[in-house]
Amino acid sequence: NSSQVTEFILLGLSDMREVQVIFFTFFLLAYAMVLLGNLLIIVTVRTNPKLASPMYFLLCNLSFLDICCTTVISPRMLVDLLSQRKAIAFEDCIAQLFFLHFVGASEMFLLTAMAYDRYAAICKPLHYTALMGRRACWLLVAACWAGGFLHSITQTLLTIQLPFCGPNTIDSYFCDVPPVIRLACADIYVTEWLMASNSGLICLICFLVLVTSYTFILVTVRARFADGHWKALSTCASHVTAVTLFFVPCIFIYLRPFWTFPFDKYICVIYTIFSPVMNPLIYTLRNKEMKVAMWKVWRGL
């Protein structure tokens, strides 16, 4: 295109040096927790033959996506927090945008697949083996990655076809479609609607499917297993909390074209930093089998 901008300036979360140091410490600890927690989950699932069920296979893939998602954002953000001039090249900005949407959308689809797995296991136990065989699991994961790629390449193409001739200041700590396209020297009316119908509707539909599946699970458990109702309610509540922390901020950011708010970048912290930290805790600490297996791996390190 006819872009004249060669780099963007990221304003970050704060321009106060003391606050930046606090953010650096917090986000470094969060990144370390994401890496250690999710790597431990992957190693545990891969080394323990007892964790060969579809649920753990999907959980292992979720951990890998969490690592990828936070790695797209955190290292660059940590460097910028210690830098005076937070500049990112145009090509690097587009690359960050592409990979963020690639792994982010793949994770949304995977969370939906995990909800389907739990629905099939609890509501269709006699057909579970046929519904969630090894081949079906691989197909589900491949479909999640393929869906994430198609979504991401669409968002990237919508962005790079726009001309950028200034200004080049992004009021955020990373490159994303909404703040970037608003810097374009062109009418972005159609682009914003396409963005909202792509990213926003994907977030909303996946979230509604997840909530619906967990509702069916609770109704089924309450009808068939009176003793396990409260345990299932507690487990589903924790899972719904995890997906809510991820999906609701995404819906807020991507399902509303034409305007932006100064606090948007703080909302983004929830699904780019906080959610990947919480996922390992929520999906493993309430699972006795997983905790025992992780403890064995930890003692063997």
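Here are three short exercises on this predicted model, each with a worked solution.

**Exercise 1. Find the disulfides and say which parts of the chain they link.**

Start with the count: there are two disulfides. Take C93 and C175 first; their sulfur atoms sit 2.1 Å apart. This pair links distant parts of the chain, with C93 in helix α3 and C175 in the loop between β3 and α6, 82 residues apart. Next comes C165 with C185, S to S 1.9 Å. C165 lies in the loop between α5 and β3 and C185 in the loop between α6 and α7, so this pair ties together parts that are 20 residues apart in sequence. Number the bonded cysteines along the chain and you get the pattern 1-3, 2-4.

**Exercise 2. Sort the four bonded cysteines: buried or partly exposed?**

The cut-off you need is under 20% relative accessible area for buried. C93 comes out at 0%, so call it buried. C175 is also at 0%, so it's buried too. C165 has 41%, which makes it partly exposed. C185, at 32%, is partly exposed as well.

**Exercise 3. Check the span of helix α9, then look for a kink.**

Helix α9 runs over residues 264–284, which is 21 residues. At 1.5 Å a residue, α9 should span 30 Å, and its end C-alpha atoms are indeed 30 Å apart. Now walk along the helix: at S275, shortly before the proline P276, there's a kink of about 45 degrees. Finally, check burial: 15 of the 21 residues of α9 are buried, so the helix is largely enclosed by the rest of the structure.

Technical notes
Residues are numbered from 1 along each chain as its sequence is written. This is a predicted model: local features need pLDDT of at least 70, side-chain atom pairs count only at pLDDT 80 or more; totals for chains, interfaces and linings use all residues. Side-chain values use heavy atoms; hydrogens and water are left out. Helices (H or I, at least four residues) and strands (E, at least two) are DSSP runs, numbered from the N terminus. The expected span of a helix is 1.5 Å times one less than its number of residues. The bend at a residue is the angle between axes fitted to the seven residues ending there and the seven starting there. Buried means under 20% relative accessible area, exposed over 50%, partly exposed in between (1.4 Å probe, protein chains only). A disulfide is a pair of cysteine sulfur atoms within 2.5 Å.
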